[in-house]
Amino acid sequence: MKKFITFVSVVLALVCIFAIYPKNKVSAQTQEFVVYNYAELKSAMDTASASNTAVITLANDIALESSITVKGNVIIKGNNKEKLIFDHNGNLTSFNFSKNTNLTLENIAVTRTIYKEQEAFMFSSYSKQINLAFNSCDFNVATAEIASVSYDRIVYCSSDVASTFVCYLNDCTFNTYGYFYRGTYVVYNCASLPTTAGSATVKDFSGLKIDYEAGKLNFPADITVSEDEEFTVTVKSGSALKSQFTYYALKDGFKFSFTTRNLQSETPTEASVNVDFAEEKVYFSEEYAVYANAGLTQEIASGESVQPGQTLYVIRKGSGIFIDSAVFEYNLPLRPEKRELKADFVCSFGFAMEHFNNCEYRVNGGAWQKAPVFVGLLANTEYTVEVRIGATASSFVSEIHTLKVITSEN
């Protein structure tokens, strides 16, 4: 009997232990999701944790409606390079990483549809404990930027920060045309990099810097930069930076190309200046310059008079990293031809003129008026009448038609 009681006690103890144990220890889980919109994407990412992995497949192109803090283990996949778009209603969005985060992107396109002049990273972290893996992904302008601990530094898995960021670049395409910021590191073309065990072995081109503020290209002696792929037209460090131009860099037998951004300010339009056709003057803000000749030597001041039929040459002046824009030729309209009207009714104390839309009249050099009737005049007296078509928002005042009108005796 004692043996039976002992056996039962042991069994009950084991049952209690196994009943309690699962509550205190949760095994790692992998949850899979197929998402069609932003809300489903965010909900799926929220399930990830240090012990849980969220495997998310994009069924559509999805634009982030806000920035997301990524935590735990997240894998985002595409079937056919579906787009992950980091923009929403004119606002830039991003992935912000918590510590000990692992993010993998596979077979998707990472893109922006809105470009702004501020530094804004799609992937950003101020923590050292994160891993990023990009497999068969396409990145367009300035999208794969990873913020280092210091906010003014952008790195792309360069060798000097290998211990800080682990980036696996397998069969990726980075389109280097686009935005580089002040003194930053260049974009690497992953497809050309030699690989070891599936991860990119990156040549250190971190000394190659595009200084847009100074308008110069700077690089150390162990890097060669050329304007052509054959490296027959090499450039010196400190050379003036060409706008929207493809350069080629070479170091230790490895070369890649990078394209500078368009440094020219946006070309002006008619809306950039205000022509007051009534005053026959032009007005514009300080960011523009206006010239009277194609050689841009005869500058016109804001508020200065202009002539019908004149061509204005307008540029947006360079500022900061930008150079002067291309010239916009604003061809002012010719002065409209005069309208020859005559007196329609004459009496001893006045007369009425024929009327035409937007016509203005005056007698003996007096004030212009829109009414075609003049009364309170002297009988049997000759008056000089002038007629013109008034200025509009898009046309000058017309030429003046002059005629004589004699009031009657009675």
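Here are three short exercises on a predicted model, each with a worked solution.

**Exercise 1: the open sheet**

Work out the strand order of the sheet that holds β28 to β31, and find which strands stand at its edges.

*Solution.* Start with the order: this open sheet has 4 strands, running β29-β28-β30-β31, with antiparallel pairing. Next, look at the ends of that row. β29 (299–300) and β31 (328–331) each have a single partner strand, so one side of each is left without a neighbour in the sheet. Now zoom in on one pair. Strand β28, residues 288–291, runs antiparallel to β29 and is joined to it by 2 bridges. For a handy landmark, find Tyr 291: its bridge partner in β29 is Glu 299.

**Exercise 2: the hairpin**

How many residues sit between β32 and β33, and how many bridges join the two strands?

*Solution.* Locate the strands first: β32 covers residues 343–347 and β33 covers residues 350–353. They run antiparallel, with 4 bridges joining them. With 2 residues between them, the two strands form a hairpin. To check the register, pick Val 346, which has Phe 351 as its bridge partner in β33.

**Exercise 3: how far to trust it**

Decide which stretches deserve caution, using pLDDT.

*Solution.* Begin with the whole protein chain: the mean pLDDT is 77, and 70% of residues reach 70 or more. Then go to residues 10–26, where pLDDT stays under 50 and the model has 0 contacts beyond four places in sequence. Residues 174–202 are also below 50, but this stretch has 95 contacts in the model beyond near neighbours in sequence. Finally, remember that where pLDDT is low, the predicted coordinates should not be read in detail.

Notes: Residues are numbered from 1 along each chain as its sequence is written. This is a predicted model: local features need pLDDT of at least 70, side-chain atom pairs count only at pLDDT 80 or more; totals for chains, interfaces and linings use all residues. Side-chain values use heavy atoms; hydrogens and water are left out. Two strands pair if DSSP finds at least two bridges between them. pLDDT is the predictor's confidence in each residue, from 0 to 100. Contact means heavy atoms within 4.5 Å.
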